[in-house]
Amino acid sequence: MMIINKYLPIPRQTDSELWTNERIEHIRKLALTGKPHSIFERGGNRIIDKVEFKLGKNPELTDSPTSSLSFSFSNVDMSMPLYLGDMSYGALSGNPNITIAKVADMTKTLAGTGEGGLHEEVSKYKRIFVQWASARFGVDSSVLSKGLGVVIKIGQGAKPGIGGHLPGKKVTRPISLARRIPEGMDAISPAPHHDIYSIEDLGQRIQALKEMTRKPVFVKVAATNYIPYVVAGIARMNADGVIIDGHGAGTGATPQVIRDNVGIPIEMAVASADNVLRKEGLRENFTVIAAGRVTSATDAAKLIALGADIVSVGTGALIAMGCVMVHKCHIGSCPTALTNKIDGTREMDIEFGVKTLTNFINGFGSELRNILDNLGLRNVRELRGRRDLLYGNGLSEETLEILGIDGRVEEATVKQGELWNRRIEVYLHELMNKGEPVITSMGSTAPPDVEKPGRITDWLRSDGAQVTRPPIDPYREDIDTSFYLDHGKVYLSLPVIYDVNNAPEKYREAFLWASMALSSAVFSEDTAHGYEEVSFSADGRGIASWSASLKEGHYLIVPSSLNVIDSVIGLDVPGFIIDEDEGKDDLEVVVSELDTRLKDNGVRYYYDILAKSTKIRDSADVFKMVLLGADSTIVSYSLLERAIGQGSEGDLKERAFNLIAGMKKEIALLAGASGVYSVQSSLTGNRELLRSVNLNRRVREILRVKPAGGL
């Protein structure tokens with residue numbers, strides 16, 4: 001067996017990454033020395049990166065700060081406001097779980113056990129919060145009575161609206177015994193708790209667990225659209241506190257489409273939740289733990305100033321124990337033995353982990369105390385809710401209002417980065433090969449928080465249902481992704497049509513065959529013989545027809561330009577194809593405005609809106625276009641070319657089939673996570689399921705989408 005007892009070299013980073021080499025090196029310096037390294041760091045694309053503390057002098061860093069971090073909540077004494085994640089036994093490989101629990105005891109912090117049963121050694125330590133999640137893997141009254149508290153997990157930031165996911169390859173015998181499930185089988189938790197379908201149900205479970213354990217009970221939720229109301233409801237149900245897990249938080253395994261597109265940033269969620277709790281008189285004796293993408297003591301201090309009591313550090317703790325950020329936790333072959341499957345091939349040395357994690361916590365705490373000293377504060381409790389100490393640089397006016405801070409207003413341009421990048425192409429390649437939602441791990445690198453946005457959809461996040469609006473479990477229930485066009489004459493199994501105009505014949509044939517097999521359609525000039533029932537063509541011989549000029553019974557194709565809207569309303573056509581490649585305005589803007597104008601004129605029912613573009617990249621783009629008002633999208637065949645990349649074309653029919661099937665399943669995931677069963681009837685034009693993250697106000701108002709954190 002290989003024993004990992006030292007840091008491995010950090011791989012060269014070729015892609016955008018939140019956890020940059022600089023952030024990893026910072027954590028390693030803390031973990032090797034236990035002493036402060038730097039404070040008030042700057043730089044980054046996140047909203048929290050653009051928030052700074054108001055300082056009247058140059059900051060000073062000392063090994064002997066004087067302020068205090070100690071406080072108590074719910075009869076739990078804390079040396080500092082630090083909670084060590086919620087990382088399960090199975091996602092982690094055993095020794096890291098033991099290390100985290102042991103170090104929490106040693107440092108008088110707290111550790112979350114995560115979902116999935118309790119490691120026998122972990123149960124011996126006192127400063128743990130045991131998780132009670134939807135599958136109740138390995139959980140009984142004996143397990144719940146361990147440690148200092150219980151966490152009811154409703155959701156998490158990396159996968160709002162769906163359940164936990166441990167791939168079967170990592171369910172070895174020790175994990176199967178702890179979780180009480182068969183070896184080798186995927187452990188996928190239900191999306192909702194099937195005995196919690198209302199806030200009253202949640203209140204009953206909180207009281208029952210308090211009665212059973214005589215311990216404080218927290219509720220963990222993902223940061224989603226209605227987070228202020230969700231948190232207020234949790235407080236009213238007599239929970240001791242809430243763990244809010246923000247968009248993009250780390251995880252052992254999650255569908256990439258969910259991780260990158262659902263939920264809102266933790267800083268927006270904390271600020272808005274704290275504000276509502278105070279307005280409702282619920283803030284006193286209620287503890288808010290902020291989780292997700294806490295990279296440093298500076299991040300922690302900002303979140304506390306925005307209203308958090310405690311911050312949760314998960315990925316940072318793993319980096320302190322050796323993580324080199326290869327995003328392969330779900331595969332089970334972690335080079336640092338932190339998230340590998342337990343098969344006797346490698347193990348992290350507990351003594352090494354205890355030393356580095358303890359040093360990290362001590363160094364982290366020292367940096368936080370230095371921040372307090374520089375702010376002229378004596379105790380960390382004096383920092384809570386001190387928005388007056390913060391200043392935003394380059395944020396929208398609405399973002400500053402939601403955060404409740406002063407700042408310099410800047411309405412960002414919507415297109416800042418690449419439309420196509422390696423992350424998208426790798427994702428498409430895997431989707432094409434497997435025909436299943438792409439599974440990934442660790443935190444999101446998607447725009448606008450890490451990568452720069454390439455189009456308006458990159459600024460938008462969809463909702464994940466929580467507590468009183470349970471999700472529809474896409475792994476166990478059928479989500480209806482079908483669309484009917486032209487008043488029921490055309491049936492599509494998903495809102496995607498593939499444009500095969502100008503496609504090589506082999507690609508055209510592949511999509512015709514796959515569309516026939518999956519009840520999709522192709523967009524073309526001519527109808528292929530034998531494929532009339534899946535051809536959306538200009539020659540009038542397919543299931544639907546289109547034309548660039550006004551023609552009876554034909555969909556009218558028009559450029560994506562706002563100035564064409566007035567001229568098309570009232571025309572005698574079944575619908576409009578908005579072509580972004582031919583227009584001057586962004587497709588999202590024109591689709592949304594046309595949908596709005598048709599509704600205002602009382603004629604939306606009579607027309608279909610089809611969004612056409614070679615720049616629609618994935619199922620998330622499709623999903624967001626539907627939410628903005630599209631009845632379907634027309635996507636270029638070249639998506640398959642990008643998915644193949646430099647690899648072999650192989651069986652193109654199979655690959656086209658997988659691409660369509662994979663997109664259908666991912667759209668179902670996004671819909672189910674939002675709590676929606678039928679995509680067409682519940683999602684078309686349903687902007688309430690969208691939130692924007694620091695999007696240019698003018699564009700946001702045209703889209704009629706609320707800002708993240710807004711009520």
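**Notes on salt bridges and two loop residues**

1. Let's start with arginine 597: its relative accessibility is 26%, so it counts as partly exposed. Keep in mind that this is a predicted model. The side chain of arginine 597 pairs with that of aspartate 566 in a salt bridge, at 2.2 Å from N to O. Since arginine 597 sits in helix 16 and aspartate 566 in helix 15 (residues 565-568), the pair ties together parts that are 31 residues apart in sequence. As for the acid partner, aspartate 566 is exposed, with 57% relative accessible area.

2. How many salt bridges are there by this rule? The count comes to 55. Some of them join up: Asp274, Arg278, Arg283, Asp309, Arg381, Arg384 and Arg387 are linked in a network of salt bridges.

3. Next, a pair whose partners fall into separate accessibility classes. Arginine 476 and aspartate 473 form a salt bridge, with 3.1 Å between the closest N and O atoms. Is aspartate 473 buried or exposed? Its relative accessibility is 1%, which makes aspartate 473 buried, given that the cut-off for buried is under 20%. Arginine 476, on the other hand, is partly exposed at 48%; exposed would need over 50%.

4. Lysine 124 is worth a look too. It makes a salt bridge with glutamate 121, and the closest N and O atoms are 2.7 Å apart. With 52% relative accessibility, lysine 124 counts as exposed, while glutamate 121, at 31%, counts as partly exposed.

5. Moving on to loops: where is glycine 250 found? You'll see it in the loop between strand 12 (241-245) and strand 13 (254-255). At 32% relative accessibility it counts as partly exposed. Setting aside neighbours within four places in sequence, glycine 250 is in contact with Gln156, Ala158, Thr315, Met442 and Gly443. If you want a C-alpha distance to check, glycine 250 and glycine 316 are 9.7 Å apart in space and 66 residues apart in sequence.

6. Last one: tyrosine 605. This residue lies in the loop that runs between helix 16 (587-600) and strand 29 (608-613). Helix 16 is also where arginine 597 from the opening point lies. Tyrosine 605 has a relative accessibility of 63%, so it counts as exposed. Its C-alpha is 8.7 Å from that of histidine 487, with the two positions 118 residues apart in sequence numbering.

How values were computed:
Residues numbered from 1 in each chain as written. Predicted model: local features only at pLDDT ≥ 70, side-chain atom pairs only at ≥ 80, totals over all residues. Heavy atoms only, no water. Helix = DSSP H or I, 4+ residues; strand = E, 2+ residues; numbered from the N terminus. Buried < 20%, exposed > 50% of the residue type's maximum accessible area, 1.4 Å probe, protein only. Contact = heavy atoms within 4.5 Å. Salt bridge = Lys/Arg side-chain N within 4 Å of Asp/Glu carboxyl O.
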